[in-house]
Amino acid sequence: MAGPALAASLEAVLGGRGNANRVFEILELLAAEDEEDALCAARTCRRLFAALLRRGELMAGSLPAEEDALSGNCSAEDKYKIWMRHRYDDCVECLSELLGHDSFRVKESSLCTLMKFVEVEAECPLVAEQWKGSIAFPRHLLKVVVNGLIPIHEDASLLISRFQEYMEYDDVRYFVMKAVTESIGQVMQKTKERPLPFYQQNVFSLISPINMPSKERDMVKFMVKQGNQEEWKVSKLQAHRQAFERMWLTFLKHQLPSGLYKKVLVILHDSILPHMNEPTLMIDFLTVAYGVGGAISLLALNGLFILIHQHNLEYPDFYKKLYSLLDPSIYHVKYRARFFHLADLFLSSSHLPAYLVAAFIKRLARLALTAPPEALLMVIPFICNLFRRHPACKVLMHRPNGPQDLSEDPYIMEQEEPSESRALESSLWEIQSLQNHYHPDVAQAAAILNQSLSEIEDDISGLLELSASELFDKEIKKTSANVPLEFEQVQGLFGKKNDIFAEHFALD
């Protein structure tokens with residue numbers, strides 16, 4: 001077992017400088033093939049160099065080449081510190097390689113050892129302040145850790161989740177964001193804009209859980225303890241927001257795999273835009289995403305909504321693009337509730353022209369012919385609300401001699417321009433057809449168009465996420481009452497004739 005031998009080497013190195021060479025016994029086992037040996041060596045390195053750092057036995061400042069220093073006129077004290085500092089750097093290099101080890105236990109131990117070094121170097125800096133207001137944070141060492149967390153050819157999400165506890169430190173979070181930004185620029189530049197699925201997913205796993213402070217007074221947890229916090233750049237919320245913004249803009253300017261596009265868009269409005277100094281800088285990314293089509297376009301609506309309503313962004317042909325998103329998939333996609341919630345907001349303005357709202361109503365009604373019941377129970381009240389907001393469109397409801405089916409309908413479903421779709425010349429024969437739907441709740445909901453609509457809008461919030469399983473559960477929970485099948489109760493199998501027949505045979 002390597003444990004007792006490593007313990008003896010550790011005690012010898014810390015016990016006297018004459019045993020300094022025994023540090024090689026510890027470093028050699030870091031590269032051992034045996035998992036337990038590597039784990040024991042990592043733990044020993046953690047104890048050894050943490051103690052040497054605190055004792056001031058590693059050279060601080062710019063490190064000269066080892067051969068030059070040992071052959072020069074330095075004092076024995078300086079030569080020892082320079083030599084041991086080089087061994088410390090060798091240890092850090094070995095540990096960074098172990099972040100890609102096959103065993104997760106070895107990866108985790110290496111990560112914890114490196115972060116222990118970050119913590120101790122923060123207490124006993126090996127680098128000096130570069131300028132007033134900067135802090136002697138071990139940025140280079142943290143960058144080594146970050147690069148190990150976001151490899152190019154493998155999924156590191158499990159190791160990243162282990163690292164998240166360190167992101168609670170405000171200064172660690174700040175320098176991680178800076179390191180990630182630098183890494184993205186270096187790595188993605190070499191790929192000539194080709195996506196790197198593993199690398200980009202690893203970066204997303206690292207930066208998406210970042211919990212940004214909303215107020216400067218919330219920033220109180222720092223790994224580096226400085227005397228005068230007022231002068232720290234790292235203690236300023238503005239600096240954190242700038243680093244956060246630059247990191248995300250750098251990440252999103254490169255082409256993403258489609259699955260990652262969706263993940264980013266899902267969190268964009270809650271976790272990214274509120275913490276940016278200039279959210280409108282996201283317009284390029286959102287415009288590209290909005291033009292991709294399908295679920296990605298639906299998800300991009302959330303971010304665009306925030307920019308349009310809160311930051312006065314002007315988006316040309318926005319409603320034309322929104323109209324083009326209405327296809328059969330909108331009643332089936334995973335993000336249906338989010339899409340209709342936003343569509344409801346975008347179509348709430350009373351200043352929208354009647355032809356535009358009528359085009360939306362007609363396309364929704366036409367697509368409803370092939371929609372599942374749970375979607376129909378949501379979209380019918382949705383259409384009714386549009387009529388309440390835009391009374392000019394009620395001509396679609398009250399056109400007695402209007403088209404009765406598809407062959408007579410002047411509405412042009414394939415027309416991309418809502419103004420040329422001839423929706424106002426049509427009628428809602430589709431909703432009338434749904435009055436004969438096999439599901440009684442859908443038929444009942446569609447029958448509302450036969451009556452005068454009330455002025456109060458229907459609350460559709462509870463219907464947006466209605467699912468088929470919920471409809472099924474609702475049906476099986478219904479209690480069935482005794483249903484009369486005949487006007488008069490039957491007295492026998494053949495009524496009175498049956499009684500006469502029985503008497504005849506009894507007499508015989």
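Here is a short chat about aromatic pairs and a charged patch in this predicted model.

Biologist: Happy to start with the rings: how are Phe24 and Trp83 paired, stacked or edge-to-face?
Modeller: The ring centres of Phe24 and Trp83 lie 5.7 Å apart, and their planes meet at 80°. Planes over 60 degrees apart count as edge-to-face. So the pair of Phe24 and Trp83 is edge-to-face.

Biologist: Thanks! How many residues apart are those two partners?
Modeller: Phe24 sits in helix H2 (residues 23-30), while Trp83 belongs to helix H5 (residues 76-98). The pair therefore links distant parts of the chain, with Phe24 and Trp83 59 residues apart.

Biologist: Which of Phe24 and Trp83 counts as buried?
Modeller: Phe24 has a relative accessible area of 35%, so Phe24 is partly exposed. Buried means under 20%. At 12%, the residue that counts as buried is Trp83.

Biologist: Now Phe137 and Phe175: is that pair stacked or edge-to-face?
Modeller: Their centres are 4.6 Å apart, with 20° between the planes. Planes under 30 degrees apart count as stacked. The pair of Phe137 and Phe175 is stacked.

Biologist: And where does Phe175 lie?
Modeller: Phe137 is in the loop between helix H6 (104-123) and helix H7 (139-149), 38 residues from its partner in sequence. Phe175 is buried, at 7% relative accessibility. Phe175 lies in helix H9 (residues 170-189).

Biologist: Last one: is Arg246 buried or exposed?
Modeller: Arg246 lies in helix H11 (residues 237-252) and forms a positive surface patch with Lys178, Lys233 and Lys253. Exposed means over 50% relative accessible area. Arg246 has 55%, so Arg246 is exposed.

Methods
Residues are numbered from 1 along each chain as its sequence is written. This is a predicted model: local features need pLDDT of at least 70, side-chain atom pairs count only at pLDDT 80 or more; totals for chains, interfaces and linings use all residues. Side-chain values use heavy atoms; hydrogens and water are left out. Patches are made of residues with over 30% relative accessible area and no salt bridge: like charges are joined within 9 Å, nonpolar side chains (Val, Leu, Ile, Met, Phe, Trp, Tyr) within 5 Å. Accessible areas come from the Shrake-Rupley method with a 1.4 Å probe; for residues, only the protein chains shown count as cover. A salt bridge is a side-chain nitrogen of Lys or Arg within 4 Å of a carboxyl oxygen of Asp or Glu. Lys and Arg count as positive and Asp and Glu as negative; His and the chain ends are not counted. The place of a charge is taken as NZ of Lys, CZ of Arg, CG of Asp or CD of Glu. Helices (H or I, at least four residues) and strands (E, at least two) are DSSP runs, numbered from the N terminus. Buried means under 20% relative accessible area, exposed over 50%, partly exposed in between (1.4 Å probe, protein chains only). Rings of Phe, Tyr and Trp (its six-membered ring) pair if their centres lie within 6.5 Å; planes under 30 degrees apart count as stacked, over 60 as edge-to-face and the rest as tilted.
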